[in-house]
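I opened my notebook for this one and went through the model piece by piece. Here is what I looked up, in the order I wrote it down.

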Amino acid sequence: SCPTVDVKVGQQISWTNQGKDKHIVRAKSVEGQSGFASGALQPGDSFAITFTQPEVHQYECSEDGSLTGTITVEP
């Protein structure tokens with residue numbers, strides 16, 4: 001599974017691909033939820049995002065969507 005992350009509004013979080021294979025970080029499709037996607041992260045690549053409002057995001061960290069996690073953004 002992907003990490004469960006708790007952050008405050010305005011705090012940046014980032015992921016770095018430390019593996020040997022390509023990975024992706026993207027919001028799971030939920031109606032009314034803003035989306036984000038890293039695109040393909042090659043080994044050593046990073047992706048960062050800063051959330052501007054309190055909300056909970058379900059996200060994927062594998063291209064086939066089999067690995068999921070949660071980001072909780074608190075005020």
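**Entry 1: Ser38**

I began with Ser38, which counts as buried because its relative accessibility is 18%. My cut-offs are under 20% relative accessible area for buried, over 50% for exposed and partly exposed in between, with a 1.4 Å probe and protein chains only. Ser38 sits in the loop between strand 3 and strand 4. Leaving out residues up to four places away in sequence, I found Ser38 touching Ile24, Val25 and Phe47. A contact here means heavy atoms within 4.5 Å.

**Entry 2: Ground rules**

I noted that this is a predicted model, in which local features need pLDDT of at least 70 and side-chain atom pairs count only at pLDDT 80 or more, while totals for chains, interfaces and linings use all residues. Residues are numbered from 1 along each chain as its sequence is written, and side-chain values use heavy atoms, with hydrogens and water left out.

I looked up the confidence next; pLDDT is the predictor's confidence in each residue, from 0 to 100. The protein has a mean pLDDT of 90, and 93% of its residues reach 70 or more. Among the elements, strand 4 (residues 46–50) has the highest mean, 97, and strand 5 (residues 55–60) the lowest, 91. A reminder to myself: where pLDDT is low, the predicted coordinates should not be read in detail.

**Entry 3: Overall build**

How many helices and strands does the protein have? I found zero helices and six strands. Both are DSSP runs numbered from the N terminus: helices are H or I with at least four residues, strands are E with at least two. The radius of gyration is 12 Å, close to the 11 Å from the globule rule for 75 residues, so the protein is as compact as a globular protein of that length. That radius is taken over C-alpha atoms, and the rule is 2.2 Å times the number of residues to the power 0.38.

The C-alpha atoms fill a box of roughly 35 × 25 × 20 Å along the principal axes. Of the 75 residues, 33% count as buried. Among contacts with a separation of 6 or more, 57% are between residues 24 or more positions apart.

**Entry 4: The sheet**

I then traced an open sheet of four strands, in the order 1-6-5-3 and with mixed pairing. Strand 1 and strand 3 (26–27) are at the edges with a single partner strand each, so one side of each has no neighbour in the sheet. I count two strands as paired if DSSP finds at least two bridges between them.

I went through the pairs:

- Strand 1 and strand 6 (residues 68–74) run parallel, joined by four bridges, and Lys8 has Glu74 as its bridge partner in strand 6.
- Strand 5 and strand 6 pair in the antiparallel sense over six bridges; Glu60 stands opposite Thr68, and Val56 has Thr72 as its bridge partner.
- Strand 3 and strand 5 run antiparallel with two bridges, and Ala27 stands opposite Tyr59.

Which side chains of strand 1 (residues 5–8) are buried? Val5 and Val7 are buried and point to one face, while Asp6 and Lys8 point to the other and are not buried.

**Entry 5: The core**

Which residues touch the most other members of the largest nonpolar core? Within its 16 residues, they are Ile13, Trp15, Phe36, Tyr59 and Ile71. I use nonpolar core for a set of buried Ala, Val, Leu, Ile, Met, Phe, Trp, Tyr and Cys residues joined through side-chain atoms within 4.5 Å. Strand 1, strand 2 (12–16), strand 4 and strand 6 each supply at least two residues of this core.

I followed Phe36 further: not counting residues up to four places away in sequence, the residues that Phe36 touches include Val25, Ala27, Phe47, Ile49, Tyr59 and Ile71.

**Entry 6: Two last residues**

Glu74 belongs to strand 6 and is partly exposed, with a relative accessible area of 33%. Beyond four places in sequence, Glu74 touches Val7, Lys8 and Val9. Glu74 and Val56 are 18 residues apart in sequence and 8.6 Å apart in space, C-alpha to C-alpha.

Pro3 is in the segment before strand 1, and at 47% relative accessibility Pro3 counts as partly exposed. Setting aside neighbours within four places in sequence, I found Pro3 in contact with Tyr59, Gly69 and Thr70.
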